[in-house]
Amino acid sequence: MDLSFIVIQVLNGLASASSLFITACGLTIVFGVTRIVNFAHGSLYMLGAYIAATLVPRLLELSFGPVTFWAGILAAALAVGLIGVLIEVVLLRRIYRAPELFQLLATFGLVLVVQDLVVQAFGPEDILGPRAPGLRAPVEILGRRVPSYELVLIAAGPVVLALVWLLLRRTRFGVLVRAATQDRDMVASLGVNQAVLFTGTLFLGAFLAGLGGALQIPRAPANTGMDLSVIAEAFVVTVVGGMGSVPGAFLAALVIGQLQAFGILVFPKITLVVVFLLMAVVLVLRPYGLFGRPEIVGGGHAVGIASRPGASVRRETMVLLLVAAALAFLPLMGDAYFLKVAIEVLIFALFAFSLQLLIGVGGLVSFGHAAYFGLGAYGAALTVKWAQWPMEAALPAGLLLAGAGAALFGAFVVRLSGIYLAMLTLAAAQILFAVAFQWVEVTGGDNGIVGVWPSSWASGRGAYYLLTLALAVAGILALRRIMDAPFGYTLRAARDSETRAAAIGIATRRHRWLAFTLAGAGAGLAGALYAFSRGSVDPTVLGIPTSVDALTMLLLGGIQTVTGPLVGAAVLHVLRDQIMPLTELWRLVLGLTIIALVLLFPKGLVGTVQAWRERGR
Amino acid sequence: MVLAPLSRRLALGLAVVMGLGAAAGPSLAQQPPIRIGELNSYSRWAAFTVPYRNGWQLALDEVNAKGVLGGRKIEIVSRDDGATTGDATRVAEELVTRENVSFLFGSFLSNVGVAMADYANQKKILYIAAEPLTDAVTMGQGNRYTFRVRPNNLMQVGMLVEQAKASGAKRWAIVAPNYEYGQSAAEVFKRLLKEKIPGAEVVAEQYPALGKIEAGATVSAIDQARPDGIFNVLFGADLTGFVREGNTRGLFEKKTVLSLLTGEPEWLLPLKDEVPEGWTVTGYPWDEIKDPKHKAFVDAYRAKFNDTPRLGSLLGYMIVHMIRDTIERAGSVDTEAMIKALEDAKFDTVIGPVTMRGLDNQATMGAWVGKLVLKGAAGGMRDWTYLDGAAFMHPEAEVKAARKD
């Protein structure tokens, strides 16, 4: 490897770092002030690219020149800033006080909505923007050509950093932003108009996202996959840098840019895993990122199942068993497809219920529960494929692998709290996703593993349905028992007040770690059942959408109720199964449904019904 | 959009829950229509699949003007396959058990194609792969229920390597998306290179994740290896980013570049005037094919959709006409009768005769091979020839060794 090549690769890394920083900087500012982790930030970035790629060529037709080009880029970024304002006024303003989980989900719903709207507005084809006038020709550096636009990009990062720094240090708006980042309630108490401050912050954040996207157009086409691919990296940058810290984001972007530029030389096939590994390592060593501060509000956001001494556990268990017994007669009525959907509903019910132990009881908002679902599925499939064991052995193997994985990751996760905890669980899931996706020799990569069919006695639809029913109900009852055991109440104590729980001698970390392991094992059983119901596994079982599914089910059913996740799983899965065939805009429908749930029914279906009943009493 | 007839329960539930009114009843024909299931990645890979759907809709209209089996209409129930194996097999199951379709066709990504082939085998239902190109669909994962119309990776790469012989390039770099299609194409290329060009070696390999290329770094990593030939399997947004960086950095100068699919309008049009001239590609020069039958197809397509056809359009069009012929010959849509009618069947298609080889259920449809050239503001192909697929297919012994049936 000669010197000139290393220099070029460093420059490549710097250029990527700059664009990443510009985008992530917006994300971190928005988080600092509003405390919302904006999943839709990537969508704003994508919108910036699309708007610029459509707008700039038109402008260049009117008058060709660098001024027009850069004016077009700025105009696109401004337009995205205005979209950000719209989002703030219509959606975010209503959820500032909501628990983190609801905010994450609402912005994820926005991601889905924007994905479909972009295809509607800009058409299905990728749009390649024009090159920057005056910057077409490459520059020769050490005998190698470097696009001059890349050099401009490298400069753009520090320029944006300087401007943002000036804005934050030298203007009244900046002072307020910094004050709000430090203590939002104090700023409110001092009579600052929060509405204006928050709207302004969202404008700034969205503007930066749009700018990041618009600056991409001479390098890459605007396409519909941009949002999710940038948001994952932007998350890593903000978390590694410390949420809310602009210089931290800059440093993190530099590191990640270089890691990617040189990573593809050393490991051309495992590029995806490197960045998330970095994030996991940083969070383990420095729980609040490089420059982050511990969160002031701790536990105040927790939502969960109330500890109602009056609730009769025995009665609920009886009801659950009765329902299960009734469900056992389904094979007599439904056709094969109906049973398939029913099997999947049962599996997702167990999956969502295991998450309920973490979130509802333990107050640990996991954003990567798919990791354990996927570990269960892969554990079962790998056992069948490599050890040739039958289903009877593969199902426990899946459960054990997921439990072991959860124990391993959980040991690190429970050291954190709040949003950092959620991000570390996300990183864990993404690492596993990347491993499954890129370790082709073992996991089959994107193809996954096929031929994971049940043993012959359970191969009939009806038989497998009954098996799933038995195991899912057993799993749910076991988790239910755990929730109501002293162990579950200890978890609730730690959730509601960590300091008080610690003061009376509860080892909160160890309890949470155990809960994490148990929830992982429950999800693993669901995953293993899922693998055999489909006959195959592939990396999507580990993906972000799978985690979001579980969260949506929880939310839909009602996060403060015990039976919520079960109802949520049934309703969401049946809905999706019915909507997907009907319309290409199913992501739009699903996204709007999620947003509507967050805004209108934060208690979920079961929670709302319960509230009615209690009012009636 | 073809709205499937909805079961009443479903329509009712949706109208209540989502506030969507939906009403579409089955057309009242004298005889019940033949129902065929179709699934593809309409939202995730719209650039290819939307023109593809236009293509099969055009063909469907033509077929239904006359009807099949004495006037019966064909009805295609179309679904989004979600671009993942899990969604695709669930949607397939829904089509088969709920919509009572007689057989299935479609899908885009190779990994989804492999999963669909496994599904077809498991459920003993006919599946005609539309776009998945990996050899596995007709080789390792092949089975008697799975057929493919498009030329597979070995055939297309074979055509390109044939062209590369003359170039004299010996040091090759490979860049391919890291999933089934890219891996399979890269593997085939390495094999053919060894067989056909003595002394050639692969000096660099880059496998960016699909849709996530770091174009600048990838280009300079390839450049660093100083290859004199590049084999490219990228498509979509990855390709566009790669080409632009490569152009600026002079990666392609004085090098032989072989590129799969890049001449197809769906991937070529987004490149606009950045078209890398001189690349040897497989593609579809739709505007230069003079055959009157093909011209009639292009005219009808343009008239109906006010757009130019892509390769996907041609494929969708061809598949539905081949399905019509097969149903006529089989005399019913019974799976076994259809399989019998498909094996070694000859079709007179809009691009000439195509045979469905019974050995591996792979059609002999060929590809247009030529060099990329900039024509005005967009790319096209020059010096192209249509190479029939028959000469490039897997040898018989290899098929027998690979296939389990």
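B:Ala377 sits out in the open in this predicted model: with just 8 other C-beta atoms within 10 Å, the residue falls under the limit of 12 or fewer and so counts as exposed. Its place is in the loop between β14 (367-375) and β15 (378-387) of chain B. Leaving aside residues up to four places away in sequence, B:Ala377 touches B:Lys272 and B:Asp273. B:Arg150 is another matter: 227 residues separate B:Ala377 from B:Arg150 in sequence, and their C-alpha atoms are 29 Å apart in space.

Two other loop residues of chain B have backbone angles worth a look. B:Ser107 is not a glycine, yet has a positive phi of about 80°. This serine is found in the loop between β3 (104-106) and α4 (110-123) of chain B. With 31 C-beta neighbours inside 10 Å, and 20 or more being what it takes, B:Ser107 counts as buried. B:Lys254 also has a positive phi, of about 55°, again without being a glycine. The loop that holds B:Lys254 runs between α8 and β9 (256-263) of chain B. Here the neighbour count inside 10 Å is 6 C-beta atoms, so B:Lys254 counts as exposed. Put side by side, then, the two positive-phi residues land in opposite classes: B:Ser107 is buried, whereas B:Lys254 is exposed.

Zooming out, chain B as a whole has 13 helices and 15 strands. Its C-alpha trace spans about 65 × 50 × 40 Å along the principal axes. For 405 residues, a compact globule would be expected to have a radius of gyration near 22 Å, and the 21 Å of chain B agrees with that. Of these 405 residues, 61% are buried. As for how the chain folds back on itself, take the contacts in chain B with a separation of 6 or more: 68% of them join residues 24 or more positions apart.

Chain A goes through the same set of descriptors. There are 26 helices in this chain, along with 4 strands. The C-alpha trace of chain A spans about 75 × 60 × 45 Å along its principal axes. A compact globule of 617 residues would have a radius of gyration near 25 Å, and chain A has 25 Å, in agreement with the rule. Buried residues account for 59% of the 617 in chain A. Among contacts in chain A with a separation of 6 or more, 81% are between residues 24 or more positions apart.

Two helix pairs in chain A were looked at in detail. Two packed helices are described by the angle between their axes and the distance between the axes. Helix α4 (residues 100-122) of chain A packs on helix α25 (residues 586-600) of chain A at an angle of about 155°, with the axes 7 Å apart. That angle is over 145 degrees, which makes α4(A) roughly antiparallel to α25(A). The crossing of α4(A) and α25(A) is left-handed. On the α4(A) side the contact includes A:Phe102, A:Leu105, A:Phe108, A:Leu112 and A:Val113, while α25(A) brings in residues including A:Leu588, A:Leu592, A:Ile595 and A:Val598. Polar and charged side chains get a look-in too, with A:Gln115 and A:Asp116 among the α4(A) residues and A:Arg587 among those of α25(A). By class, the contact of α4(A) with α25(A) comes to 14 nonpolar, 3 polar and 2 charged residues.

The other pair consists of helix α14 (residues 336-361) and helix α19 (residues 461-484), both of chain A, whose axes come within 10 Å and cross at roughly 15°. An angle under 35 degrees counts as roughly parallel, and α14(A) and α19(A) are therefore roughly parallel to each other. Their crossing is left-handed. The residues in the contact of α14(A) with α19(A) divide into 19 nonpolar, 4 polar and 2 charged.

Finally, the two chains meet: 60 residues of chain B are in contact with 54 residues of chain A. Helix α8 (residues 236-249) of chain B supplies the largest share of the chain B side, namely 8 residues. By class, the chain B side breaks down into 23 nonpolar, 22 polar and 15 charged residues. That same helix α8 of chain B also borders the loop that holds the exposed B:Lys254.

Notes:
Residues are numbered from 1 along each chain as its sequence is written. Chains are lettered from A and ligands numbered from 1 in the order in which they are written. This is a predicted model: local features need pLDDT of at least 70, side-chain atom pairs count only at pLDDT 80 or more; totals for chains, interfaces and linings use all residues. Two residues are in contact if their C-beta atoms, placed from the backbone, lie within 7 Å. Ala, Val, Leu, Ile, Met, Phe, Trp, Tyr, Cys and Pro count as nonpolar, Asp, Glu, Lys and Arg as charged, and the others, Gly among them, as polar. Axes are lines fitted to C-alpha atoms, for helices over the stretch in contact, and angles run from 0 to 180 degrees between N-to-C directions. Angles under 35 degrees count as roughly parallel, over 145 as roughly antiparallel, 65 to 115 as roughly perpendicular and the rest as oblique. A crossing is left-handed if the near helix is turned anticlockwise from the far one by less than a right angle, and right-handed if clockwise. The radius of gyration is taken over C-alpha atoms; the globule rule is 2.2 Å times the number of residues to the power 0.38.
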